[in-house]
Amino acid sequence: MKTKSLWLIASLILIASMILTACGPKTTPPSAGETQAPPAGEKVKVTIFIGMGTGTDPEQITAENALAAKFNSTHDNIEMEFLIVPYEQSREKFQAMVSGGTAPQLVGPMGVETSGQFQDLWEDLGPYIQRDNYDTSDFYGPAIELNKTADGKNIGLPVGLYPSFIFYNKNAFDAAGIAYPTHDFNDKTWTLAKLREVAMQVTMDANGKNATSSDFDPANIVTYGFDDSWGNFRDWAVIWGAPNVGRPTTADFKTATVNAPEWVTGIQWYSDAIWVDHFMADGTALSAIDPANGDPFAVGGVAIWKSHTWYMGDSLNDLPFKWDIAPAPYNQKGEQIFNGDADVFAIPASAKNKDAAWEALKWLVNEENILEMCKIYGCMPARKSVAETYNTTLTEMYPGIDTSVVFSAANFIDVSNHEGWVPDVGRVNEILANALSKLMTEGENHDAQSLLDETNAEVQAILDEYWASH
Amino acid sequence: MKNPRLRLSLRQKEALSGYLFISPWIVGFLIFTIGPMIASLYYSFTDYDIISPPRWNNFANYKKIFSGILPAILNQDSSRLGDPIFWQSLKVTLTYAVMALPLGLIFGFFLAVLLNQKVPGVNIWRTIYFLPSVIAGVAVALLWGRIFNPRVGILNPIIEAIFHVKGPGWLGDPHWAVPALVLMGLWGVGGGMIIYLAGLQGVPTDLYDAAKVDGANMFQRFWHVTLPMMTPVIFYNLVLGMIGTFQYFTEVYVLTSGGSGGLGGPVRSTLFYNLYLYENAFRYNQMGYAATMAWILFVIVLVLTLLVFRSSEYWVFYEGQLKGKD
């Protein structure tokens, strides 16, 4: 009987504690612009959320922690700390932190797509820049423009640019007996038509025949001529010179422009490249080239690889072949448009200690530290004043590589960006990804006009739905 | 002096004690299951992106899903549907269920019958066939992703060596992606097999003796004794299997993240219902719409389960029970 009473009392206590826990006080995030002074003598914590882009590899984490230690040794009132979140979980974790009132003080590095996805969540840094007379003239123009919202809100300070160009396998060109691509950005003979010609010559089957040969076996290709598989639909389409550049809508975001003539031309070029000329891999072949890492260039599966500076890591010095970089070609309109990214660090509007976050952000992107940041994240520093030092670093990291290509490519970054915000951007990008997967996996050449007409209608439906409720 | 009106009877006291003992579970169930279910039902009638408060939109989410069905059917044009991708995800899930469920039941039962034989080392074989079912879904997906790789995986060379035909693209081929997942699922039938095995060992041996005396051969004993006596276990596995196939997520998420076509595979060929729900919730920040999908899935699975339960009176026989009677 006594034992029974004890069990009853224990049950009641357990129930009561559960109810009290569930009914605990709610945390309210500070409103925008509100700063909270810490108790005297206590350091203000600035948590930097890493995971929306690069920055989660072990070597990067070590370098980030070293950077935080350097900051903390010189700042008595602010403590910097990096919060590393795996990329796959980063968006959910960030949203959970914001909705739970525990937003980090800084988030980055983020590309245009990610910062645009959450564009309503960031603090407008315009007032901070004005208040402190912060000089932004040293940043490359695109680095600032790419991270302004349509209504002019400045949502972050840029860390780096990631211009794109081509990486090419010198051994593959030597084996094919053809000249390397030009390194002259003004050479207008280096066109997409020329790229096709060259790519077909370096595409090799298992018998050593290239794609121009009548004996070429497209079922047994060992080296493809060209690949841009780390890019998405808008990456592929942007270089073709449509009026809206990398944006699949008009400037007012109300009309879909996926079936613009320039994009139709481009998508047809890619479809022909996969199914007719065979110098690009289809979806099945691509997944088989490097199943472990999905890096077809590094394993010699692709001779010409279009990518960005973020591809330039330490492992490039261990490739089993000689390589270099060169400008991407001129398009059919005689223009050079290279898709480029720009990474920023931003302050969530609902974060606490925003003034401390602003101080930490300025420190991270100042002349002294931006180079270190770009070594960690593989970017070209967004500041013009450190270009020479960065070039020296690049030359030391990659001896023999034509680093001038990196700096020249920075002048051709796409604005409107291929990652720029559009209404319901997640759904729109999924529709475009589906169109690309049709192109790459349906086993036959496509009529790009009908494919893009169908895709355009899907995107237009999304836009109509969005504007009906906004 | 005790107030006589507050005195509880012995029966009431015992009932109160019982409820108090199970009250932690009841409270937990209310707070962590019923509460969130009610909240998600509310969210299904709202536009809710987690960051901003939910905004009531009447039945807009449900209208979006169910609008345009008739024009789409009459015109054979899926673009008329309010959300063609929803119907694609349902189609992929149903296709998988229709393939995986019967095959899983049959294969598991077949294995259990084999492993019910009294042969030396049968316990080792039982362990071998059971082991794959205890491996975590992520590990299974990574392993099979490699096996299915058309160039370096082991499956296509085996197909080419035995059948002298080129193996398909498996996960990279929209026509073979779902069959690939079915094949992967068959590798893990050990869990169901163990339950069948337990059921087989519960079949009274005197039934087999009686059948032998009546001159029944092996097949007849299987058909007239084993199968009817196993129908409760088959029923159990069918219900659980059906619920499991409609909740399929982990393996396909791991296999299609980052692949051609993104989440959902090439041309949305592996865009399962739960995967599309996940995309709406966490990629498109449309938690309200995701909640709507969750409730529709609940209704679908509930209806199907009730149909299976209803049908069970015609084909499930419990020991000692006459057909159609308790």
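**Reading domains, a sheet and a helix**

Modeller: Chain A is split into domain 1 (44-162 + 341-412) and domain 2 (164-337 + 423-468); such bounds come from an automatic or database domain assignment. This is a predicted model, where local features need pLDDT of at least 70, side-chain atom pairs count only at pLDDT 80 or more, and totals for chains, interfaces and linings use all residues. Residues are numbered from 1 along each chain as its sequence is written, while chains are lettered from A and ligands numbered from 1 in the order in which they are written.

Colleague: How many residues does each domain of chain A bring to the contact?

Modeller: Two residues are in contact if their C-beta atoms, placed from the backbone, lie within 7 Å. Here domain 1 of chain A gives 16 residues and domain 2 of chain A gives 18.

Colleague: In what order do the strands of the open sheet in chain A run?

Modeller: Strands of a sheet pair through backbone hydrogen bonds, either parallel or antiparallel. Strands are DSSP runs (E, at least two residues), and helices likewise (H or I, at least four), numbered from the N terminus; two strands pair if DSSP finds at least two bridges between them. In chain A, 6 strands follow the order S2-S1-S3-S10-S4-S11, with mixed pairing. S2 (78-84) and S11 (380-381) of chain A each have a single partner strand, so one side of each lacks a neighbour in the sheet.

Colleague: How do S4 and S10 of chain A pair?

Modeller: S4 (residues 157-162) and S10 (residues 341-346) of chain A are antiparallel, over 5 bridges. A:Pro158 has A:Val344 in S10(A) as its bridge partner.
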